[in-house]
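How are two copies of a chain related, and where do they meet? This report takes symmetry, contact and core in turn.

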There are 2 protein chains.
Amino acid sequence: MFTTSFTQLVDIQYPIVQAGMAGGITTPKLVASVSNAGGLGTIGAGYLTPDSLRTTIRAVKELTNRPFGVNLFVVQETLPNEEEMERMNRHLDLIREMLGIERRQRIYRYSESFEDQIQVVLDEHVPVFSFTFGIPSQEVLKHLKHHRIVVLGTATTVDEALQLEASGVDAIVVQGSEAGGHRGTFGTSAMDALVGTMALVPQVVDHVCVPVIASGGIMDGRGLIASLALGASAVQMGTAFVVCVESGAHELYKEAVLRSHEDETQITFAYSGKAARGIRTKFMQDMNGYPGKIPPYPVQNALTQDIRQAAAKQRNPEYMSLWAGQGVRLTTNRTAQAIVQECAQEAMAVLENLDGHRNL
Amino acid sequence: MFTTSFTQLVDIQYPIVQAGMAGGITTPKLVASVSNAGGLGTIGAGYLTPDSLRTTIRAVKELTNRPFGVNLFVVQETLPNEEEMERMNRHLDLIREMLGIERRQRIYRYSESFEDQIQVVLDEHVPVFSFTFGIPSQEVLKHLKHHRIVVLGTATTVDEALQLEASGVDAIVVQGSEAGGHRGTFGTSAMDALVGTMALVPQVVDHVCVPVIASGGIMDGRGLIASLALGASAVQMGTAFVVCVESGAHELYKEAVLRSHEDETQITFAYSGKAARGIRTKFMQDMNGYPGKIPPYPVQNALTQDIRQAAAKQRNPEYMSLWAGQGVRLTTNRTAQAIVQECAQEAMAVLENLDGHRNL
């Protein structure tokens, strides 16, 4: 029904990418449903061990023979600053006490090894690989090309898009400030790179030749056509899929997204040490008053993991991470297939409507 | 060439509104050129005395017989806190010293009287009246209706749009976070109401019945069609017109906008006490370190006026207010007529292009 340079590149029917949201949301069923419906499903694999990534990829392959993607975090391993970490841990202990849990004796690993994860992507010949937070080494990118894997990078500014294009990616996800979850910013301060999708997409399109995938605040067929009008070749939607039937998101997380308003999200470093947009919680507010420096990702992410897990178990959303974009009012609980197909149908209706504005 | 509910409402050819930017940008020539080109020109009259507003309206009428608008600020008069003000003034004295100017002995008026300004709008039978920062009294709105003046309010959230619709406005300007200049927020904290245009427009459209005018990051025919796709009936563009030939903006202000990048603006309270987006300056940075509370609008605006004026005279843009939205890379120095007509032409080309995505 739609043909764009991106649908041709990855061989999908609709220019709709389901964002590779990490943290258990993108179940094999969700990913396969999106791909089977004509979009591009994506495994959010940032936090997956190489073994569980392999298992998940194989589960998706069982459920679809259509193209799908894997999304990973490109993270600089930095040695944690012990003093900074201990100070944060003492602050977090107050919350742990309230939740009735104890600080873990030791954190063995702050994040998964990107090298081991990418090896699984190569071994399994995943059709599409997308990444965020930076740019993989030229060696990694060469291996991906060699395996004929389509590679998508994430940019939040024109300069980042230019760097990605120069690195040889096949297409660029342009993340506007509306987007939920982690900011992909790697070329400047994340707080400076909060540019709205309406402004960002055409500015990037004017500077790169590869297809652009618009993301941030796109929720339905209106956003899809708006993005194509701005020069994008496809859209990436995250928040819309968080609440869908196949999503692995916690029930309370889904409920919070479904009832939130457009002005109830904010950018925070509180949960992971990296800027991310989510629904305002007591934990964010509490961390606003933290007098020290929040340790950078992935350290803070590892430090708060037990708190988030305990809060989920205790059904206390105020200490869970409720990542969501600014389009929250447009979420409805449907199947992933319904989201993809209704988005495409609505897009056709929007095109008809636009025709009505022409009276030459 | 275009027909929307908004073009019919105000009887214009193209669904393009030139934003009523205050501070000398919207010369009669600019306003009339936009209207003569088929859009809706707007006098940014927030800072104009009733007398100069009357003179400006008459000058516009000399130059066009097409509809045009006047934009005013709906401001709650608050008594300034003398202590807060003196503390700020002592801080500003350091900047005054650097610029070689002295603090004014007394400020006779913090802002113009809205009542006196609106009387001129009524007397002069201005075709369109738009406002921001709040909602005028029912009495004022009744007088406007009685004079058959089309009334446009400004919203930055769904709730504000609902309040505006309930007050009886004819259409609503929906201001996304990309927009340059002052935020129109009146129903919540301005920092909470920074919702991107892509996300905000469809959420408002779903909740109101009056025509919606999208604003924030819209720079050309791509943004125009994108906005119509999102359900808007027109767009409002400000930054695009700041740099045009007829604009009264200071030459250095125009140059700064023309060379800026999408990530070089920020929201600040420094200049006026009210949240506004502009190109980052030394003055903003300096005020970031101010330990006290910035006096609210219009007090801070009156306090910094001499500094902004001296900086302009001395050709020092770092202490001028350089209001601009996040679409700055898309600005080019053209006539206002060229902006309107090229936007409409590009919009038709975008529609053709979108047709290409359909292969039913």
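## Symmetry

Copies are superposed by least squares on the C-alpha atoms of residues with pLDDT of at least 70 in both. The model is a predicted one. A turn of 180° with a shift of 0.0 Å along the axis lays chain B on chain A, and the RMSD is 0.0 Å. The two copies are therefore related as by a two-fold rotation axis. In chain B, Ala226(B) has the C-alpha nearest the axis, at 1.9 Å from it.

## Contact between the chains

How many residues does the contact take from each chain? It takes 47 residues from chain A and 47 residues from chain B. On the chain B side, α8 (197-205), α9 (221-229) and α14 (336-357) each supply at least two residues. By class, that side has 21 nonpolar, 19 polar and 7 charged residues.

Of the interface residues of chain B, 100% are also interface residues in chain A, so the copies meet through the same surface.

## Nonpolar core

The largest nonpolar core has 236 residues. Those that touch the most other members are Ile172(A), Val174(A) and Ile213(A), along with Ile172(B), Val174(B) and Ile213(B).

Take Val174(B). Leaving aside neighbours within four places in sequence, Val174(B) is in contact with Ala155(B), Ala161(B), Leu200(B), Val201(B) and Val204(B). Its other contacts of this kind are Val212(B), Ile213(B), Ala214(B) and Ser215(B).

## Confidence

Chain A has an average pLDDT of 96, and 99% of the residues score at least 70. For the complex, the predictor gives an ipTM of 0.97 and a pTM of 0.97.

Definitions and conventions. Residues are numbered from 1 along each chain as its sequence is written. Chains are lettered from A and ligands numbered from 1 in the order in which they are written. This is a predicted model: local features need pLDDT of at least 70, side-chain atom pairs count only at pLDDT 80 or more; totals for chains, interfaces and linings use all residues. Two residues are in contact if their C-beta atoms, placed from the backbone, lie within 7 Å. A nonpolar core is a set of buried Ala, Val, Leu, Ile, Met, Phe, Trp, Tyr and Cys residues joined through C-beta atoms within 7 Å. A residue is buried if 20 or more other C-beta atoms lie within 10 Å of its own, exposed if 12 or fewer, and partly exposed in between; C-beta atoms are placed from the backbone. Helices (H or I, at least four residues) and strands (E, at least two) are DSSP runs, numbered from the N terminus. Ala, Val, Leu, Ile, Met, Phe, Trp, Tyr, Cys and Pro count as nonpolar, Asp, Glu, Lys and Arg as charged, and the others, Gly among them, as polar. pLDDT is the predictor's confidence in each residue, from 0 to 100.
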